[in-house]
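Welcome, and please open the model in your viewer. We will go from one selection to the next, with a short stop at each.

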Amino acid sequence: MLHPRELELSGEALSALTQILGIMNDQVLAGHDQPRWNLERLLELEMRLGVTVGIDDLAPPEDARTVTLGLDDVALLLEGMAFTEVASVDLPWFEMVQWTADFVTAELRQHWSDDEWRSWVGR
């Protein structure tokens, strides 16, 4: 885990991240020859978030949870959010997806400095 941070996530935030992980899992399990993401990595992230995709995405957890995420975890989630945004371009609720993507990105990115993000991109 790169540059770990403890983040307190509301039930709604956990629900949003669970949805993103679910979309990513669906892509992996769709049987593509070269899956975009590693299923084991996604399952490990689910465990650290304390969620189970397919179950917890039905209703948001009621309580906030403190979780430890690394910059690499957040980069993975943001990649999934970007994929979701691109995959939703033809849907009638695309503007809501864009707004959600911007919101999720801002909320997650704020915990690491611009220098830390630049070092991640330049790796």
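**Stop 1: a salt bridge between two helices**

Select Asp72 and Arg41 and show their side chains: the two meet in a salt bridge, with 3.7 Å from N to O. Asp72 belongs to helix 3 (residues 71-87) and Arg41 to helix 2, so this pair ties together parts that lie 31 residues apart in sequence. Keep in mind as you look around that this is a predicted model.

Is Asp72 buried or exposed? Asp72 is buried, because its relative accessible area is 18% and the cut-off for buried is under 20%. Its partner Arg41 has a relative accessible area of 24% and is partly exposed.

**Stop 2: the other partner of Arg41**

Keep Arg41 selected and add Glu44. These two also form a salt bridge, and their closest N and O atoms are 3.2 Å apart. Here both residues sit in helix 2, three residues apart, which is about one turn of the helix. Glu44 counts as partly exposed, at 32% relative accessibility.

**Stop 3: Arg48 and Asp73**

Now select Arg48 and Asp73. Their side chains meet in a salt bridge too, at 2.8 Å from N to O. This pair links distant parts of the chain, with Arg48 in helix 2 and Asp73 in helix 3, 25 residues apart.

Compare the surroundings of the two partners. Arg48 is partly exposed at 25% relative accessibility, whereas Asp73 is buried, with a relative accessible area of 1%.

Which residues join up when you select the whole group? Arg41, Glu44, Arg48, Asp72 and Asp73 are linked in a network of salt bridges. In general, side chains of opposite charge can pair when their charged atoms come close. If you would like to look for others, the structure holds seven salt bridges.

**Stop 4: a buried charge without a partner**

Stay on helix 2 (residues 39-49) and pick Glu46, which has its place there. Glu46 is buried yet has no salt bridge. How far away is the nearest side chain of opposite charge? That side chain is Arg65, and the distance is 10 Å.

To see what does surround Glu46, show Leu21, Asn25, Val51, Thr52 and Val53. Glu46 touches these five, not counting residues up to four places away in sequence.

**Stop 5: Leu78 in helix 3**

Move to helix 3 and select Leu78, which is found there. Leu78 is buried, with a relative accessible area of 14%. Leaving aside neighbours within four places in sequence, Leu78 is in contact with Val104, Thr105, Leu108, Arg109 and Trp117. For a distance to try in the viewer, take Leu78 and Asp102: they are 24 residues apart in sequence and 10.0 Å apart in space, C-alpha to C-alpha.

**Stop 6: Trp117 and the nonpolar core**

From Leu78, step across to Trp117. With neighbours within four places in sequence left aside, Trp117 is in contact with Leu71, Val74, Ala75, Leu78, Arg109 and Trp112.

Trp117 also has a place in the largest nonpolar core, which has 30 residues. Which members touch the most others? They are Leu17, Leu49, Leu108 and Trp117. At least two residues of this core come from each of strand 1 (5-9), helix 1 (11-29), helix 2, strand 2 (65-69), helix 3, helix 4 and helix 5 (114-121). Helix 3 gives the most to the core, with eight residues.

**Stop 7: a nonpolar patch on the surface**

Turn on the surface and select Leu91, Trp93, Met96, Trp99 and Phe103. Together they form a nonpolar patch on the surface, with about 580 Å² of accessible area. Within this group, Met96 lies in helix 4 (residues 94-109). Met96 counts as exposed because its relative accessible area is 52%, and exposed begins over 50%.

**Last stop: the whole chain**

Zoom out and colour by secondary structure. The protein chain comes to five helices and two strands, following the pattern β-α-α-β-α-α-α along the sequence. Of its 123 residues, 37% are buried. The accessible surface is about 7500 Å², and 53% of that belongs to carbon and sulfur atoms. Among contacts with a separation of 6 or more, 76% are between residues 24 or more positions apart.

Definitions and conventions: Residues numbered from 1 in each chain as written. Predicted model: local features only at pLDDT ≥ 70, side-chain atom pairs only at ≥ 80, totals over all residues. Heavy atoms only, no water. Helix = DSSP H or I, 4+ residues; strand = E, 2+ residues; numbered from the N terminus. Buried < 20%, exposed > 50% of the residue type's maximum accessible area, 1.4 Å probe, protein only. Contact = heavy atoms within 4.5 Å. Areas by Shrake-Rupley, 256 points an atom, 1.4 Å probe, with all protein chains shown as cover. Lys, Arg positive; Asp, Glu negative; His and termini not counted. Salt bridge = Lys/Arg side-chain N within 4 Å of Asp/Glu carboxyl O. Patch = residues over 30% accessible without salt bridge, like charges linked within 9 Å, V, L, I, M, F, W, Y side chains within 5 Å. Core = buried A, V, L, I, M, F, W, Y, C linked by side-chain atoms within 4.5 Å.
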